[in-house]
Amino acid sequence: MMRDEPARRLPMALSALVALALSVMPLPAPVDAFRPDFLVLVVFYWSIESPRTGGLALAFASGLALDVIRGVVLGQHALALTLMAAWATNLRLRLRVFSVLSQSLTIFALLTGYQFVLFWIDGATGNPVTTFSRWLAPVIGACIWPLLAGLMSRVDDR
Amino acid sequence: MVAFRSTETSGRTTGLLLRCVLYCLLALGLIIFDKRYDHLGDLRRFLSVVVVPVQIAVASPFQGWDWFRESVSSRETLRADKAKLEAELRLANFRLQRYEALEAESQRLRALRENTAGVSNRFVIGNIMDLDIDAFRERVLVDKGARDGVFVGQAVLDSGGVFGQVARVGELTSEVILVSDGTHAIPVQINRNGLRTIAVGTGDMTRLKLPYLSTSADVTAGDLLVTSGLGGGFPAGYPVGTIIGVKRDPAQSLAEVEVRPAAALDRSREVMFVWLTPEARATLSAPPPASVPQPAAAPPQGRRSAAAPAQQNGAPTK
C-alpha cells in the first residue's frame, strides 16, 4: 500500500493534533496519574510507519508544541522527542517483525529514554521534578501501545 | 501483532543521523537561548498564540457541558442557590459596613508611617482554562495575557485569598503558578501576632508549609496567615491560609507547620490579577528591614525567619 508523501501528511498532522488534545485534556485526579504520553506514542508510530514523510520534523514540531503548552524551557520536549524518534526510526525494520510483547518492551525503553531526557533537562535548568509518578507514564504507554498502533494502522488503511 | 504495511525501507532514510544531529543541535540551542539569555520571549509569545486554538478546542466541550448543566438545572436548585447567595451577600454587607471607615483610617496611619505597602489600584478578572498543562507542577492557564497588561510575577487572587502569581505571559493567555507548587514561596505574616515567615508550597493543592519557624515560635492551629507585602510581589494583608497543625519535635530546631490555603486552589474558576500602585511598588522594591512594620507583640524569632523574606522575594525559587 504505497502512497505518495503529501497524502500521508494529513493523517499525520491530524493524529498529532488529536494526541496533543488528549495530552492536555482535563482528567479527574486519580486517573490523571495514569495518563500515557499520547503524542509521544503517535510520533513513534509515524517514525516506524513512514519515517520519510514525518519522522524527525514531526517529532521536533510536536516537541515544540508540548514545550509551549506545558510552559517549560523551549526545546526540552523537542530534544527528547527528536532523539527518541530517531532511535525508533533506526529500530523500525526490526520492530515490524517483533512480537507484540517485544514491541511493547522496545516502546517502553524508548519512552523511558524520553522521560530520562526530560528529567535531565529539568534538573539542568533548575526545575527538578522528582515525583515517582513520572516514571509511570512509560509503563502505561508500553501497555497501550499495541491497542494504539493497531487502531492507527486500521484507520490509516481506510 | 501490529501490522505495519508501509513499503518505506531502510535505504530511504539516508542521513538519519545527520538530520537527528541537526534537530538536536537546534533544540539544544533553543534550550540554551531560552534559559541562559532569555531571548526567546517573542518566539514563545508567537507560538503560544499558535497553540491557543488547540487549547480552546480542548477546553470548550467542558465549558459547554457546564453551560448545558446550568441551563437545564431545576427551579428548586436555582432557588436554593439564590437563597444561599443572598445569605452570603447579607453577611458580606454586614462585614463591609465598617470597611470604608477602617480603610480610610488605615490609609491615614500608613501615610504617617510612610508605608504604602498593600495598596492596589487595579484588578482584572480572568477565567481559568480547563486544561491540564503539567501533571507534575501546580500551574493553570488563564485567559488573560500581555494584551491585557498582565506581567510576570504579578499577584493573582481568588475570592478566598492569594491564589498564586504569574509565571509566564503569552499574548492572549498567561500561566499562573499556584501557591501550593513545590517551587513557590510567599512572604507571610501571622495575623494574630505579626510574626513574619515564608509559606512554601508542597505540591499538594490542599496544603502549604512553614518550614522556617523555630520550635519556640508562637504559632497555634487556627492562626490566620496573611501576606506581609515584603518582597514587593504581593499586596499586603490578603489571607494566604489557616494553620491546621503544628508539630514540635524537641530534637529539631524547626517546627513543622501545616497550612490550609485560603484560596480554593482546586475549585476556583475565576481569578483576579492585581496591580499595585506605583508608589507601593517603589516602597516595596527596596524595603530596608528596619523600616518594616514590626508589631510590638512579635515574639523573638530565629534569624532565619527574619532573613528569609529578603532572600526569597516571594518569587518561584527557580
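**Exercise 1. For chain A of this predicted model, find what share of the contacts with a separation of 6 or more joins residues 24 or more positions apart.**

Solution. Take the contacts in chain A with a separation of 6 or more. Keep the pairs that lie 24 or more positions apart. They account for 68%.

**Exercise 2. Describe the secondary structure of chain A: how many helices and how many strands does it have?**

Solution. Count the helices: seven. Count the strands: zero. Now read along the sequence; the pattern is α-α-α-α-α-α-α.

**Exercise 3. Work out what part of chain A is buried and what its exposed surface is made of.**

Solution. Start with the residues. Chain A has 158, and 58% of them are buried, with under 20% relative accessible area as the cut-off. Turn to the surface. Chain A exposes about 6400 Å². Carbon and sulfur atoms supply 74% of that area.

**Exercise 4. Characterise the interface of chain B and chain A: which contacts does the rule find, and which elements of chain B take part?**

Solution. Begin with the residues: 46 of chain B are in contact with 60 of chain A. Next, the area. The two chains bury about 4800 Å² between them, 66% of it on carbon and sulfur atoms. Then check the pairs across the interface. The rule finds zero salt bridges. It does find two residue pairs in polar contact, both at pLDDT 80 or more.

Now assign the side of chain B that touches chain A. Two or more residues each come from α1 (16–37) and α2 (41–71) of chain B. The largest share, twelve residues, comes from α1(B). Finally, sort that side by class: 24 residues are nonpolar, seven polar and 15 charged.

Notes
Residues are numbered from 1 along each chain as its sequence is written. Chains are lettered from A and ligands numbered from 1 in the order in which they are written. This is a predicted model: local features need pLDDT of at least 70, side-chain atom pairs count only at pLDDT 80 or more; totals for chains, interfaces and linings use all residues. Side-chain values use heavy atoms; hydrogens and water are left out. Contact means heavy atoms within 4.5 Å. Buried area is the accessible area (1.4 Å probe) that two parts lose on being put together, summed over both. A salt bridge is a side-chain nitrogen of Lys or Arg within 4 Å of a carboxyl oxygen of Asp or Glu. A polar contact is a pair of N or O atoms within 3.5 Å; within protein, one must be able to donate a hydrogen and the other to accept it, and residues adjacent in sequence count only if both atoms are side-chain atoms. Helices (H or I, at least four residues) and strands (E, at least two) are DSSP runs, numbered from the N terminus. Ala, Val, Leu, Ile, Met, Phe, Trp, Tyr, Cys and Pro count as nonpolar, Asp, Glu, Lys and Arg as charged, and the others, Gly among them, as polar. Buried means under 20% relative accessible area, exposed over 50%, partly exposed in between (1.4 Å probe, protein chains only). Accessible areas come from the Shrake-Rupley method with a 1.4 Å probe; for residues, only the protein chains shown count as cover.
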